[in-house]
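Please open the model in a viewer and keep the selection tool at hand. The tour below proceeds by selections, each followed by a description of what is found there.

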Amino acid sequence: MGVYKKTEKGMNELLARSPGIDARLVSVLILVDGIRDSAEVIRLAKEVGLPVDALEILFHGGFIDKKFKGSAEPAAMDVAPPAKPMVPKQTDAASKFKGFNELYVYLVEQTKALLGLRGFIYQLRIERASTVLELKSLIEPLTRVIAKKHGFQIAQEFMRESERLVVAVIAERNM
């Protein structure tokens, strides 16, 4: 198992208005943060039905790279391919924002509940966020603050649920 980080090509792909790779690969690319090992990324991807070979595809495509020299290549999972290819759902304007709103509400409520007044600055940052990537960028610092106040277990639960919501939002994105 290895730890991967996004390359410049990977970051450009995330910031592009219309990504050049499949939306499912973009979802996995978002999960690569330089902290999680490949097993954790694969587990999160499997939970929401994303391709388990996505790390390998992203690695060979130059979107991610090993964080440390000597890291292993992405773990290969022996999983049968889906019976039929995934087709993006046609969504209306209201349903496009449903996932974003769920993530937003979760972050605000958890910040209030777990950090109280200490989390006020983070609440302001969450309220100013207008994209999923802006909300995702707040998860890691919030997790560190929660870990300091409540311990690793609660912080880990917060991070897992937050990342699950991020992946669900990205997986629903219509491209």
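Select Gly 116 first: in this predicted model, the residue sits just after α6 and takes a positive phi of about 60°.

**The helix before the glycine**

Extend the selection backwards to α6, residues 98-115. Its end C-alpha atoms are 25 Å apart, which agrees with the 26 Å that its 18 residues should span at 1.5 Å a residue. Now colour the buried positions of α6: Gly 99, Phe 100, Leu 103, Tyr 106, Leu 107, Val 108, Thr 111, Leu 114 and Leu 115. An α-helix has 3.6 residues a turn, so residues three or four places apart point the same way.

**From α6 to α7**

Add α7, residues 120-128. How do the axes of α6 and α7 cross? They come within 10 Å of each other and cross at roughly 170°. The two helices are therefore roughly antiparallel, since an angle over 145 degrees counts as such. To display the contact, select Tyr 104, Leu 107, Val 108, Thr 111 and Lys 112 on the α6 side, together with Tyr 122, Gln 123, Ile 126 and Glu 127 on the α7 side. Coloured by class, this contact of α6 with α7 shows 5 nonpolar, 2 polar and 2 charged residues.

**The α8 and α9 pair**

Proceed to α8 (132-150) and α9 (152-172). Their axes come within 8 Å and cross at roughly 170°. That crossing makes α8 roughly antiparallel to α9. On α8, the contact is made by Val 132, Lys 136, Ile 139, Leu 142, Thr 143, Ile 146, Ala 147 and His 150. On α9, select Phe 152, Ile 154, Ala 155, Phe 158, Met 159, Ser 162, Glu 163, Val 166, Val 169 and Ile 170. By class, the contact of α8 with α9 divides into 13 nonpolar, 3 polar and 2 charged residues.

**Three stops along α9**

Centre the view on Ala 155, which lies in helix α9. Ala 155 counts as buried at 2% relative accessibility. Leaving aside neighbours within four places in sequence, Ala 155 is in contact with Thr 143, Ile 146 and Ala 147. A distance label from Ala 155 to Leu 114, C-alpha to C-alpha, should read 9.6 Å, although the two are 41 residues apart in sequence.

Move along α9 to Ser 162. Is Ser 162 buried or exposed? Its relative accessible area is 0%, so Ser 162 is buried. Residues up to four places away not counted, Ser 162 touches Leu 103, Tyr 106, Leu 107 and Ile 139.

The last stop on this helix is Val 166, also in α9. At 0% relative accessibility, Val 166 counts as buried. Apart from residues up to four places away in sequence, Val 166 touches Ile 30, Leu 103, Val 132, Lys 136 and Ile 139. Label the C-alpha distance from Val 166 to Leu 135 as well: 8.5 Å in space, with their positions 31 residues apart in sequence.

**The covered helix α2**

Select α2, residues 23-31. This helix is mostly covered, with 8 of its 9 residues buried. The buried residues are Ala 23, Leu 25, Val 26, Ser 27, Val 28, Leu 29, Ile 30 and Leu 31.

**The nonpolar core**

Which members of the largest nonpolar core touch the most other members? Among its 46 residues, they are Val 28, Leu 58, Ile 64, Leu 107 and Leu 142. At least two core residues come from each of α2, α3 (38-47), α4 (54-60), α6, α7, α8 and α9. The largest share, 8 residues, is that of α9. For a closer view, show the surroundings of Leu 142: excluding residues up to four places away in sequence, Leu 142 touches Leu 107, Thr 111, Leu 115, Tyr 122, Ile 126 and Phe 158.

**The whole chain**

Finally, select the protein chain in cartoon form. The chain holds 9 helices and 2 strands. From the N terminus on, these elements run β-α-α-α-α-β-α-α-α-α-α. Of the 175 residues in the chain, 39% are buried. Among contacts with a separation of 6 or more, 69% are between residues 24 or more positions apart.

Note on methods: Residues numbered from 1 in each chain as written. Predicted model: local features only at pLDDT ≥ 70, side-chain atom pairs only at ≥ 80, totals over all residues. Heavy atoms only, no water. Core = buried A, V, L, I, M, F, W, Y, C linked by side-chain atoms within 4.5 Å. Buried < 20%, exposed > 50% of the residue type's maximum accessible area, 1.4 Å probe, protein only. Helix = DSSP H or I, 4+ residues; strand = E, 2+ residues; numbered from the N terminus. Contact = heavy atoms within 4.5 Å. Expected span 1.5 Å × (residues − 1). Axes fitted to C-alpha atoms, helices over the stretch in contact; angles between N-to-C directions. Parallel < 35°, antiparallel > 145°, perpendicular 65-115°, else oblique. Nonpolar A, V, L, I, M, F, W, Y, C, P; charged D, E, K, R; others polar.
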